Structure formats: C-alpha cells, structure tokens
Amino acid sequence: MELGIRGRTALVCAGSKGLGKGCALSLAREGVNIVVTARGAEALEATAAEIRKLGVRVTTVAGDITSAEGRAAALKACPSPDILVNNAGGPPPGDFREWDRDTWVKALDANMITPILLIRAVVDGMIERKFGRIVNITSGAVKNPIPELGLSNGARTGLTGFVAGLSRKTVRSNVTINNLLPGPFDTDRLRSNFRFNAEKSGKSYEELRKARADANPSGRFGTAEEFGDACAYLCSAQAGFITGQNLLMDGGAYPGTF
Ligand code: NAP
C-alpha cells in the first residue's frame, strides 16, 4: 500500500533509538524527509546515516526536546512539518511517596507539556495547508496503568485528555492527532526497566525478561519496526478519518473487549 506521503516532511522527536527511530525509518521508507532529534549526537548521526540510505533528506538536531532551547532548535530546523511525531524519554519508575513537586513538574514538562507546545507551534500551519498528521508516542500505561510508573501514568493521561479535545477541532482541515500506546517493546527503555526490577526483586535480568515475554499473549516483545509501520499508517494520506484515537500495541496484553 502506497501511503501517499512521499515528499512530505516529518519532525520526529527523540528518534535516534527505539520507537522514535522505528517511526523515522518507516516514514523515510515512504519517501518522507526527516528532521530527527535526540540529545546524544553520536547515536543521532548514526541513525541519520541509516535513514539517508533510504534516499530521503535528513536533518539532525541535537538537544533536549523537553527544554525550551531544544524545542526552539527543532522548530528552527523544521518550522512547518507535515508530520509531527512527539516522543521523549519516559519518567523514571519509583514510589510516589518519594516524588516531590519538582519531580512531578519534570515529568509533566517532558511527557505532557512538551508535546502540547510542539503541537501548538505547528498545528495552525498544518490547518492552513490542509494536511497534517500528529502522532504522540504515549504508553499502554494510559489504558492499563503500571503502579511503579505513576509519573508516566499521570503525565501521559493528561496529554491524552488534551488531545482528545483538540483532535476534534483540527480534523475538518485534514489535520489528525492520534496517540500510539506501546506495550512491551524490545528497546533500551524496556531493558532499563528490567534492570530496575531485577535490582529490586533479587531475580536475574534474564529471568525477568523471559517471564515478561512469556506472560504476554504473543509470547514476545514488540519490535520498533512494527511500531514504526503503525505510525507511518497513521501519518498516511488514507488515515485522514482517524483522529483522537489511542492505538494500543501490546500483543494483546490488555484483557478487555475494547
Ligand atoms: P529508548 O529506546 O530509550 O529511546 C529513547 C530515544 O529518545 C533515544 O533516541 C533518546 O536519545 C531519545 N530521548 C530521550 N530523552 C530525550 C530528550 N529529553 N530529548 C530528546 N531526545 C530524547 O526508548 P523507547 O523504548 O523507544 O521509548 C520511547 C517512549 O515510549 C518513552 O517515552 C517510553 O517511556 C515510552 N514507552 C516505551 C515502552 C517500551 O516497551 N519500549 C513501553 C511503554 C512506553 P538520547 O538519550 O540521546 O536523547
């Protein structure tokens, strides 16, 4: 299926590794030019080289997307994207009794306010041009909260509520806003969660990893490629009637009918 977005431009935030990288590669395979951000320049340049091999234009922006400077640099490099993929690292796990106000503000800044500010910066241009696709990488925890990830549960659900309202306003101009909710995907982020739980529980990393994969109905973790292809579809010309949705990709882990 040709997705009808060849020659478009995407700003992919936090895209040097993992799920963001998966999105950048899938969009590039569809002929989308990519502006990609991350803090670490080395992995960012390596990823950019991989994307370039797919024959599209690639611009890198090294910086922290959760800071005002990082967002300004990303928007300077890409002031009028056709596609925006919002992503950033997730907040750390822990016990809510240990989180003070600053910890909460940091999580809200990264996983709620940063994507909202980036949407604000680009959405009116998309509306004027009558095409826009915004995909926020959130978490399966929005639908199925994970107790030790309380910062993530809270901040991402705030973003989801905001998007639910705005996405109904923009769709008339062919600008859609949707969320992708990853369950367990085999990335650095998941591996660091296993390390945290291994230290806490006294079980080995491998033991926990195998048990988690076995416990998923699919018997495995998702791949960044699967995730990226779902993102590319939501960004396609054909997906203009899909907005305000939360697509859970968790191998069937969420047990509900809907
Ligand atoms: P990952 O493999 O650790 O990759 C994170 C990417 O984001 C890296 O490219 C990283 O590069 C970049 N990044 C992190 N913080 C950044 C910042 N402040 N500014 C700019 N770039 C930043 O993580 P992932 O698994 O792809 O996770 C992506 C998102 O999905 C996270 O929010 C995570 O919590 C969420 N999620 C993941 C899973 C899963 O199973 N993997 C499940 C649920 C939710 P630098 O470090 O160099 O900046």
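## Around the ligand

Start with threonine 187: one of its polar side-chain atoms sits 2.3 Å from an oxygen atom of the ligand. Keep in mind that this is a predicted model. Two more residues reach ligand oxygen through their backbone, phenylalanine 185 at 2.8 Å and aspartate 188 at 3.4 Å. Here are the three contacts side by side.

| Residue | Atom on the protein side | Distance to a ligand oxygen atom |
|---|---|---|
| Phenylalanine 185 | backbone N or O | 2.8 Å |
| Threonine 187 | polar side-chain atom | 2.3 Å |
| Aspartate 188 | backbone N or O | 3.4 Å |

How much of the ligand does the protein bury? On its own the ligand would expose 880 Å², and the protein buries 90% of that.

Now for the shell itself. It counts 28 residues, and the ones that come nearest to the ligand are Ser16, Leu19, Ala88, Arg156 and Thr187. Sorted by class, the shell holds twelve polar, ten nonpolar and six charged residues. Which helix gives the most to it? That's α6, with three residues. Helix α6 covers residues 188-201, and α1 (18-29) joins it in supplying at least two shell residues each.

Next, a piece of the fold. Strand β2 (residues 33-38) runs parallel to strand β3 (residues 58-62), and five bridges pair them. One of the bridge partnerships links alanine 38 to alanine 62 in β3. Add helix α2 (residues 41-52) to β2 and β3, and you get a β-α-β unit that is right-handed.

Notes. Residues are numbered from 1 along each chain as its sequence is written. This is a predicted model: local features need pLDDT of at least 70, side-chain atom pairs count only at pLDDT 80 or more; totals for chains, interfaces and linings use all residues. Side-chain values use heavy atoms; hydrogens and water are left out. A residue is near a molecule or strand if one of its heavy atoms lies within 4 Å of it. A polar contact is a pair of N or O atoms within 3.5 Å; within protein, one must be able to donate a hydrogen and the other to accept it, and residues adjacent in sequence count only if both atoms are side-chain atoms. Accessible areas come from the Shrake-Rupley method with a 1.4 Å probe; for residues, only the protein chains shown count as cover. Helices (H or I, at least four residues) and strands (E, at least two) are DSSP runs, numbered from the N terminus. Ala, Val, Leu, Ile, Met, Phe, Trp, Tyr, Cys and Pro count as nonpolar, Asp, Glu, Lys and Arg as charged, and the others, Gly among them, as polar. Two strands pair if DSSP finds at least two bridges between them. A crossover is right-handed if, with the strands pointing away from the viewer, the path from the first strand over the helix to the second runs clockwise.
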